[in-house]
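Work through the exercises below with the sequence and the model open. Try each task before reading its solution.

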Amino acid sequence: MTTRIHVPTPLRAYAGGQGTVEVEAASVGEALRALAVRYEGLRSHLFGENGELRNFVNVYVRDEDIRSLQGEETPLADGAEISIVPSIAGGVASPPAERTGDALVAAGRAQELELSNEEVLRYSRHLIMPEVGMAGQRRLKAGRVLMIGAGGLGSPLGLYLAAAGVGTLGIVDFDVVDETNLQRQLLHGTADVGRPKLDSARDRLRDVNPHLHVESYETRLSSENALEIARDYDVVVDGTDNFPTRYLVNDTCVLLGKPNVYGSIFRFEGQNSVFWAERGPCYRCLYAEPPPPGLVPSCAEGGVLGVLPGIVGAIQALETIKLLLGAGEPLIGRLVLFDALALRFRELRLRKDPACPICGEAPTIRGLIDYDEFCGIPQARMEEERQAAVPQITPRELRARLDRGDRLAIVDVREPHEWEIGNLAPLGARLIPLGQLAERMSELDTAAEIVLHCRSGARSAKALHQLRQAGFRKLWNLQGGILAWSDEVDPSLPKY
Amino acid sequence: MSVQLPAEQVAAIRAHGRRAYPHECCGALLGEPDPSSPDGKAVRAALPAGNERGDSPRNRFLISSAEVRRMEAEARRRGLSIVGFYHSHPDHPARPSEYDREHAWPWYSYVILEVRGGRDAALRSWRLTDDRQRFEEEPLHETLEEPA
């Protein structure tokens with residue numbers, strides 16, 4: 001029995017461009033299947049993976065929806081005409097109950113991927129857990145993760161994601177490996193000192209897992225490039241230690257609707273959360289404004305216990321993998337605080353702020369801004385320059401004057417534990433930490449010529465201003481501090 | 001692959017999105033092939049639809065097949081056809097969600113309007129790839145009025 005099927009415009013390209021196709025069939029179901037046999041390209045648009053008619057495909061016999069007849073069983077008389085009519089459905093994101101992995105990694109993208117026998121063996125400890133299994137492992141392989149920074153947090157993060165079988169890792173970094181990194185940045189080894197971190201990281205990660213695809217961006221993440229770089233990734237992981245980049249990463253993720261797996265470290269304390277504006281608060285809901293510059297020191301200034309980024313970065317890796325798998329309870333709306341000395345984890349509930357300037361009810365930020373300006377960096381730089389405008393003496397000049405027999409008082413304004421690392425005591429230097437300077441000024445002779453120094457010259461410049469205001473006049477700041485002294489005069493003095 | 005959208009229709013879609021906020025709005029795009037671009041479309045009219053999703057209009061929309069048939073009839077009456085659909089994403093970016101992809105038809109242009117806090121923002125157009133795996137963005141050209 002011949003049936004004429006009217007094909008709607010969107011499907012005509014898959015039916016040889018025809019608007020009407022004739023098939024032999026006794027029922028609606030038969031007719032549609034005959035159509036899909038003749039035009040294989042139509043099949044996936046009409047039928048789901050289990051062969052069921054898709055719920056947005058509607059079929060009419062004359063003017064009757066087959067749902068009000070006998071469905072696919074509806075019999076067809078010879079010469080019958082049926083029409084395929086679209087219904088159109090859609091909507092934002094996914095209901096909260098939906099597993100995160102489905103939204104992050106298109107299920108189809110993951111299904112397409114095959115695991116080789118070598119990969120099956122490599123990931124066997126994952127595969128034997130039903131929570132991961134073949135489907136989850138394929139999802140990890142389809143996953144695209146962007147990590148900002150290949151340093152302390154990026155090290156455990158990159159290593160664990162690579163080992164776990166995440167398919168593509170984008171890395172943004174423009175730094176070069178130096179000795180002070182090796183105490184905590186396990187991606188890089190002693191032989192890598194002087195190499196770009198990107199090169200060193202790529203080599204190490206490919207050694208961990210040759211199946212990994214690395215995409216590297218040797219650039220500073222900026223308002224100009226962030227949206228472009230992050231657009232094609234499923235998850236962004238922030239491994240940076242400065243406020244401008246942290247706000248930049250947050251805003252980029254909010255604007256692109258992506259989760260931002262956050263971690264930060266300072267001295268002995270760590271923080272973790274997952275900021276995902278579509279499902280919870282963002283970083284700005286927690287901290288609408290950055291702290292004044294200089295109030296919160298970076299790791300370079302404040303120090304960090306080497307193991308700490310290992311723990312915080314590993315938590316970031318864990319949360320990233322959970323998001324890709326859609327497994328467990330992601331760290332959305334919760335801030336975990338880790339105290340390494342007490343070995344204690346605390347958890348704070350975070351709320352989405354309706355007044356948040358970027359993800360709230362009436363956002364005022366609709367694009368990326370100047371984050372250095374936002375964080376007060378230019379003003380801070382001017383202040384630093386003002387501070388630096390003090391009489392400077394270079395290490396060589398100082399050496400020469402001491403050799404001539406000039407009488408100079410050398411005052412070290414660092415902390416006692418820094419003095420322990422190395423000092424200029426053999427030249428008569430004395431220790432007065434910057435914090436004690438005000439009360440111990442009486443120990444100094446206002447008439448004497450005084451040279452102040454610290455590690456790099458910043459604190460001693462502050463000390464110089466303080467003394468000048470107190471009436472001291474013959475003051476010098478040792479340019480570049482004890483680091484420069486080691487470079488230019490006495491290499492036996494350790495640098496730190 | 002591209003879609004031309006007259007400025008007047010863009011304004012109508014944006015107004016519809018603001019009006020419906022915080023719910024999703026939706027509608028059909030009536031048009032014809034754009035001879036200046038391969039597989040391009042020129043939209044001539046935007047036809048608002050009532051969102052038939054009563055259960056979760058805030059993040060879902062539905063245009064039933066019966067309404068699509070009525071819209072097709074209206075398009076034929078004007079010598080046009082349905083070339084795509086538009087809908088809004090309240091407080092979400094103007095890119096297709098996974099739910100959009102699962103329910104999408106090929107060939108149609110899916111124009112999505114982001115509405116943030118009641119104010120209209122980005123407007124972008126997307127097409128489903130042949131293998132149904134993802135959406136590709138297509139250039140959306142806002143055009144001035146057709147010369148009479």
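Three exercises with solutions follow. This is a predicted model, in which local features need pLDDT of at least 70 and side-chain atom pairs count only at pLDDT 80 or more, while totals for chains, interfaces and linings use all residues. Residues are numbered from 1 along each chain as its sequence is written, and chains are lettered from A and ligands numbered from 1 in the order in which they are written.

**Exercise 1.** Describe the surroundings of Phe374(A).

Step 1. Find the element: Phe374(A) belongs to helix α16 of chain A, residues 371-374. Helices (H or I, at least four residues) and strands (E, at least two) are DSSP runs, numbered from the N terminus.

Step 2. Classify the residue. With C-beta atoms placed from the backbone, a residue is buried if 20 or more others lie within 10 Å of its own, exposed if 12 or fewer, and partly exposed in between. Phe374(A) has 16 other C-beta atoms within 10 Å, so Phe374(A) is partly exposed.

Step 3. List the contacts (C-beta atoms, placed from the backbone, within 7 Å). Leaving aside neighbours within four places in sequence, Phe374(A) touches Tyr247(A), Pro290(A) and Ile369(A).

**Exercise 2.** Describe the contact between chain A and chain B.

Step 1. Count residues: chain B gives 34 residues and chain A gives 30 residues.

Step 2. Find the elements on the side of chain B. Those giving two or more residues are β4 (61-63), α2 (65-77), β5 (81-90) and α3 (98-102). The largest share, six residues, is from β5(B).

Step 3. Look for strand pairing between the chains. Two strands pair if DSSP finds at least two bridges between them. Strand β6 of chain A, residues 88-90, pairs with β4(B) in the antiparallel sense over three bridges. Within this pairing, Gly90(A) is bridged to Phe61(B).

**Exercise 3.** Which strands stand at the edges of the open sheet in chain B, and why is one side of each left without a neighbour?

Step 1. Write the order of the eight strands: β8-β7-β6-β5-β2-β3-β1-β9, with mixed pairing.

Step 2. Read off the edges. β8 (135-138) and β9 (140-143) of chain B each have a single partner strand, so one side of each has no neighbour in the sheet.

Step 3. Check one edge. Strand β7 of chain B (residues 119-128) pairs with β8(B) in the antiparallel sense over four bridges, and Leu128(B) has Phe135(B) as its bridge partner.

Note on methods: Two residues are in contact if their C-beta atoms, placed from the backbone, lie within 7 Å.
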